[in-house]
Structures are given as structure tokens and as C-alpha cells.
Amino acid sequence: MKKFIAAALATTALAAPVYADGHEITEFRIGVLGGENAQDRLNSYACLQEYASEALGVETKIFAPADYNGVIQGLLGGTLDMAWLGASSYAATYLQNPEAVEPVLVKVNLDGSIGYHSIGFARVDSGIDSIDAMEGKVFGFGDPNSTSGYLIPSIEIPQYKDGITMESGDYFGEVKFTGGHEQTIIAVANGDIDGGVTWAAGLNDNWEDGYDSGALRKAVDAGLVDMNDLVQIWQSAVIPEGPVVLRKSLPADVKATMTELVDNLYENDPECSYGVFSGDGLGAQPVTHDTYISIVEARKAKIGG
């Protein structure tokens, strides 16, 4: 079935290395942000890898760096051609080089929205049920380049009430980075930290499933956590889903082919779309830089780049 779909997707593409704008590509390289272990990320993107190879007529490679910055630097340095970035990671890339990448698509949730939330959570048996109860406790972020795992909660949680900062020992007993969303979820579930933040989209009343999509849903799917052991203690305002980006200097027909492939992925292979976009959704729709102006400004103010 997948080979048939891949062949169908390739009907409008060239069957050999793509020539355009005076140059060719001999391979296509997709970067996958951190958030879960590398092998799971590679497995989730294996179907897209196969489709891209068929559609472009060149070998497609998937890279899963240890942290978000590995993908950012790959896009900036031209060693990666495509990635699904978080909004803050896109902002970081844009602030370092506005001409490096262009956003082309954004994930659409089951309710038709293109937003998600940063979710604060703790263990049920910890007695922690709010940010108030986190005073003096160990609070975990994911990656410093994560939107929901750092940027937005680092701005919004201190607005919850006077006296809250993100400095260890001020309000929280310790503030630490775990390395990624999956690491935060496991650390809270194991009691290694008292509370943390991660991301979830399409917020319906399905907490037990880890919501419709996001890091909690992926952790439930992987059997890493039982949501009945966890409790939500905080929720951010809506954050725009991060963009699928392509390196601007790619040949125009390569960009058109990959944009069309990912845009139609949900309709052609919902299972593949589920893996690529971390859970249930309605696929993707076009997006531009304008959607991320507020995140670019927030990152510039908070981090500087």
C-alpha cells in the first residue's frame, strides 16, 4: 500500500536527481527535533523518508540530533534541507539568518485549530495540584530552544503571581533542564523532579490518552507513562504550532514537491501523518512567517536569538 501511495505521489516529480535554478540535489536531508529518543523519531519519519525518496528521485536521509540546536544549526549551515520546527526553534533560526529557511506548512488539529499549549504537570500522589503547590519544589524544563518546554512557560509562569522567577532557589527550589519533552515526562513520572512542562494540542477531555497529540500522547503510545498517575497543574495561552520549514536555497521544484507531499500526507497515509505530527490531527495547511512574528519578538526579548 505504501509503495503504491509513494508512486502516486511521485507522478508529478522527476524520477532522477532534481535540476532547477541552475543546480541539482543528490540527496535530501530531513532533521527531526528532539523530544523523544532518537530511534523512535527515526521510526516515526521512516514513511516520510520513503515517500520523499520516491517523489524526488534521490536518497532521503533522516537525522535526529540530540537536541533542538542540532537541527537549528543544520538548517543554518545547509546540512539539513527540511524540518518540522517548534515556533521558538523557527524564531531562533530566523533571528540568526532570516534567509536560511522558509515556513511552508503548519499542522492542523482535530478541531481545525493550528495552536497548542504548554502543559504543567506533576504526579497525582505528590499532592501538587497547582503552581502554588510547586513552591520550593524541583521544576523541569525540556530544551532551551523549545517553545512549550521553555520559552512560553518561562514568560507566562512568572506572570502567575508575584515572586515567581525561573531562577533556582527564588520560588522553585530548583529549576533544571531535562534535555527534552520525553525526558521531562519520565522524570516527573519517576519522581526525579516534582513538576515539569511539555506540550499538547487539540485539548479535549481525553487526559487519559495524553490529549489528541503532543509529547504526552507520544509517551502514552510508547507505554512510557500512565496518565492516571499524572495531574495537570498549569496551562499556557495558545501557542501557534511550529512550521514545517524548507531551506530557502533549495531548487524551486524540490520545495514544491516536498510541500505538496507533506500537505497531502494525511489524506494519503493517515498513519504516517500520525507519526510525523505526533498524534491525531487533520494534516497540514499553508503558513507564512507572519504567524510567528509574536514568537520571534518574544524570543528576542527573552533569549536574544
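User: Hi! How far apart are the closest N and O atoms of the Asp280 and Arg217 salt bridge?

Analyst: Happy to help! This is a predicted model, in which local features need pLDDT of at least 70 and side-chain atom pairs count only at pLDDT 80 or more, while totals for chains, interfaces and linings use all residues. Residues are numbered from 1 along each chain as its sequence is written, and side-chain values use heavy atoms, leaving out hydrogens and water. A salt bridge needs a side-chain nitrogen of Lys or Arg within 4 Å of a carboxyl oxygen of Asp or Glu, and for Asp280 and Arg217 the closest N and O atoms are separated by 3.1 Å.

User: How many salt bridges does the rule find across the interface of domain 1 and domain 2?

Analyst: Domain 1 spans 27–111 + 241–303 and domain 2 spans 115–239, with bounds from an automatic or database domain assignment. Their C-alpha centres lie 24 Å apart. Across their interface, the number of salt bridges found is 1.

User: Which three residues supply 25% of the area that domain 1 buries against domain 2?

Analyst: The two domains bury about 2,200 Å² between them, 51% of it on carbon and sulfur atoms. Buried area here is the accessible area (1.4 Å probe) that two parts lose on being put together, summed over both. On the domain 1 side, the trio supplying 25%, more than any other three residues, is Tyr68, Glu241 and Lys302.

User: How large an arc do the buried residues of α11 cover around the axis?

Analyst: Helix α11, residues 293–302, has Ile295, Val296, Ala298 and Arg299 buried. Buried means under 20% relative accessible area, exposed over 50% and partly exposed in between (1.4 Å probe, protein chains only); helices (H or I, at least four residues) and strands (E, at least two) are DSSP runs, numbered from the N terminus. Taking directions from the helix axis to the C-beta atoms, these buried residues sit on the same side of α11 because their arc is only 165°.

User: Which exposed residues does the opposite face of α11 carry, turned away from its buried side?

Analyst: In general, residues three or four places apart point the same way, because an α-helix has 3.6 residues a turn. On α11, the face turned away from the buried side carries Ser294 and Ala301.

User: What kind of ring pair do Trp84 and Trp199 form?

Analyst: There are 12 aromatic pairs here, counted when ring centres of Phe, Tyr or Trp (its six-membered ring) lie within 6.5 Å, with planes under 30 degrees apart stacked, over 60 edge-to-face and the rest tilted. Trp84 and Trp199 have ring centres 6.3 Å apart and planes at 80°, so this pair is edge-to-face.
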